[in-house]
Amino acid sequence: MEIVGWGGVNESFVGDATVEIYGQKGASFPVRMSENVYLGSKVIAVSGTLSAKGTQKVTWMRLHSTVTMGDDTVVLDEQVGWAVGDQVILSPTGYFKYDGSDWSSSSTTNDEIFSIKRISSFVDSVTHRNHTRIVLDSPAKYTHLCTVQYGKSFCGAIGAVTKSVRFVCNDVADPKSFSYMFGANIHVLDIPKSNRYGSVYFDNVEFVHFGKGNSDHQALKFQYSDYNHPPSFISNCAFVNPYCEGLYAEHSFNLTFQNNVVFGNIGGGVYISPTNNLFKVTNNLVVGTRQLPSVLKSSYPWVRPIASFTIES
């Protein structure tokens, strides 16, 4: 399956494309392949190649200056290719002082999501550098720092989570629903006996409400039995409100995960097991990692500390 331009993965898909995956919990039997591979339900299983490439945009960058509580304007150092209506997130900022005390608390800093109301470019009259000014659709409820602390630059980040190519689940966000947090997931695997090896190429793609809460069905899961498979590449993508890790990789070989945003995830952001070989995880922004909601805590089958990144060796 490919959602790309005429030139393949070297060209972006022209226009917008949305793949919607839907289905209530328990509405269909779980899938078990003939090779005795268990996949579950509401899943995109990849034992071949799945490629998608959206319009090229900057995914995230550091702030140019502090966004103070009550401000509705963000200044950036570069042009980013974002547009009016795009959703953006602001990361929380906090640090420990020399005396060991914490500058931040839940009342002073937190992650926030906005829509862009206006966006424009301007030239700084002193440095003569190009900047971008973004007006948000509402004032910030918290302060997001960009300052110098103890001689080091300390700046929060802003990330864009709107992409032209989207994979979405729209029927799982209601906490009162039986299917709450029963999102779709992408399972990349190999079946050596059938000589089938899965891989993905995702560039500037948005994934919304993927993953299944209280399970090991992560939004994007790589689960191989050996290293005899093609490389996979995930770059400049946005994982919005995944119900478990945005990325889980096991026995992967030559996996690249770079310049992505993972926002509002449950339990963890990125998990790399010690079985992986030649993986590259760099320049990703993971914001808003949270514990499993209390509505599901009683059924949580194992104790796992939350972490934005877990890379085991």
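Buried here means under 20% relative accessible area, and Phe-167, at 0%, counts as buried by that cut-off. Keep in mind that this is a predicted model. Phe-167 is a handy way in, since this residue belongs to an aromatic cluster and also to a stacked pair with Phe-207. From there, the tour takes in the cores, a six-stranded sheet, the cysteines and one buried serine.

**Aromatic rings**

- The structure holds eleven aromatic pairs, and two of them are worth a closer look.
- Phe-167 and Phe-207 are stacked, with 5.4 Å from centre to centre and 25° between the planes.
- Phe-167 sits in strand E15 and Phe-207 in strand E19 (residues 205–208), so this pair ties together parts that are 40 residues apart in sequence.
- Phe-207 is buried too, with a relative accessible area of 3%.
- Tyr-227 and Phe-253 make a tilted pair instead, at 6.3 Å centre to centre and 55° between the planes.
- Tyr-227 comes from the loop between strand E20 (220–223) and strand E21 (232–235), while Phe-253 is in strand E24 (residues 253–258), so the pair links parts 26 residues apart in sequence.
- Neither ring of that tilted pair is buried: Tyr-227 is partly exposed at 35% relative accessibility, and Phe-253 is partly exposed at 26%.
- One aromatic cluster brings together Phe-167, Phe-202, Phe-207, Phe-210, Phe-239 and Phe-257.

**Nonpolar cores**

- In soluble globular proteins, nonpolar side chains tend to be buried together.
- The largest nonpolar core here has 39 residues, and Phe-202, Phe-222 and Ile-234 have the most contacts inside it.
- Phe-202 therefore turns up twice, once in that core and once in the aromatic cluster.
- Leaving out residues up to four places away in sequence, Phe-222 touches a long list of partners, including Val-188, Val-200, Ile-234, Leu-247, Tyr-248 and Leu-255.
- Polar residues are on that list as well, among them Ser-232, Glu-250 and Ser-252.
- A second, separate core has 18 residues, among them Val-80, Trp-82, Leu-136 and Ala-160.

**A six-stranded sheet**

- Six strands form an open sheet in the order E7-E14-E9-E10-E11-E8, with antiparallel pairing.
- Strand E7 (60–62) and strand E8 (73–76) are the edges; each has a single partner strand, so one side of each is left without a neighbour in the sheet.
- From one strand to the next, the twist averages 35°.
- At the E8 edge, the partner is strand E11 (residues 130–136), paired in the antiparallel sense over four bridges.
- Within that pairing, Val-75 stands opposite Arg-133 of E11.

**Cysteines**

- There is one disulfide in the structure, and it joins Cys-146 to Cys-155 with 2.0 Å from S to S.
- The torsion about that S-S bond is about 60°, so the disulfide is right-handed.
- Both Cys-146 and Cys-155 are buried.
- Two further cysteines are also out of the way: Cys-169 is buried at 0% relative accessibility, and Cys-244 is buried at 5%.

**Ser-179**

- Where is Ser-179 found? This serine is in the loop between strand E15 (165–168) and strand E16 (185–191).
- Although Ser-179 is in a loop, this residue counts as buried, at 0% relative accessibility.
- Setting aside neighbours within four places in sequence, Ser-179 is in contact with Gln-24, Lys-25, Asp-171 and Val-172.

Notes: Residues numbered from 1 in each chain as written. Predicted model: local features only at pLDDT ≥ 70, side-chain atom pairs only at ≥ 80, totals over all residues. Heavy atoms only, no water. Helix = DSSP H or I, 4+ residues; strand = E, 2+ residues; numbered from the N terminus. Buried < 20%, exposed > 50% of the residue type's maximum accessible area, 1.4 Å probe, protein only. Contact = heavy atoms within 4.5 Å. Core = buried A, V, L, I, M, F, W, Y, C linked by side-chain atoms within 4.5 Å. Disulfide = S-S within 2.5 Å. Pairing = 2+ DSSP bridges. Axes fitted to C-alpha atoms, helices over the stretch in contact; angles between N-to-C directions. Phe/Tyr/Trp six-rings, centres within 6.5 Å; stacked < 30°, edge-to-face > 60°.
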